[in-house]
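Subject: Structure for you to look at

Hello,

Here is the structure I promised to pass on to you. Please have a look at it first, and then read my notes underneath.

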Amino acid sequence: MKLFNLSLLGFVLLFSCSEKVTEAECPAIMCTQEFRSVSVLFKDAAGNPTTVNDFKAVVRRTGKSIQAEPVDTVNFKGYYPVVTDGHRKQLSTTGDTIDVSAVHPLTNQKKTAQFVVSGGRCACHIEKISGPEEITFN
């Protein structure tokens, strides 16, 4: 039974990483277990948090949409995830521009903003370089 368990463990370890990174490609660094995300708060003209329609976050360099997990709309109304650590491999180490857009559900006003966020395959976490904390509809 022990031999079977050891064989199973070896098999799992062998196939658990879909992308192999050698030591020469990435420097040896110590990463924390925190999970970072960049989000934006949408507000209506009165300054109240608001839900939006057609929220999109697209990496300009690749043209690919980022599909982040939705934020709790009850406790964090108006907050939308732009990018998380789960997307760090899709970003460059020098920073990528992420185009964000959303439409107000009542007025159909569309707002856009740009965020610059770095990441990369060897990075532990994403890092916000620039971008607004909140977007207000008129």
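The notes below are about the disulfides and where their cysteines sit.

Please keep in mind that this is a predicted model, in which local features need pLDDT of at least 70 and side-chain atom pairs count only at pLDDT 80 or more, while totals for chains, interfaces and linings use all residues. Residues are numbered from 1 along each chain as its sequence is written, and side-chain values use heavy atoms, with hydrogens and water left out.

A search of the whole structure finds two disulfides, a disulfide being a pair of cysteine sulfur atoms within 2.5 Å. Counted along the chain, the bonded cysteines follow the pattern 1-3, 2-4.

One disulfide joins Cys26 to Cys122, with 1.6 Å from S to S, and this link is left-handed, at -65 degrees about the S-S bond. Because Cys26 lies in the loop between helix 1 (2-15) and strand 1 (37-43), and Cys122 in the loop between strand 5 (110-118) and strand 6 (127-130), the pair ties together parts that are 96 residues apart in sequence. Helices (H or I, at least four residues) and strands (E, at least two) are DSSP runs, numbered from the N terminus.

Cys26 counts as buried, at 14% relative accessibility, whereas Cys122 is partly exposed, at 26%; buried means under 20% relative accessible area, exposed over 50%, and partly exposed in between (1.4 Å probe, protein chains only).

The other disulfide joins Cys31 to Cys124, with 1.6 Å from S to S, and Cys31 is partly exposed, with a relative accessible area of 40%.

Best wishes
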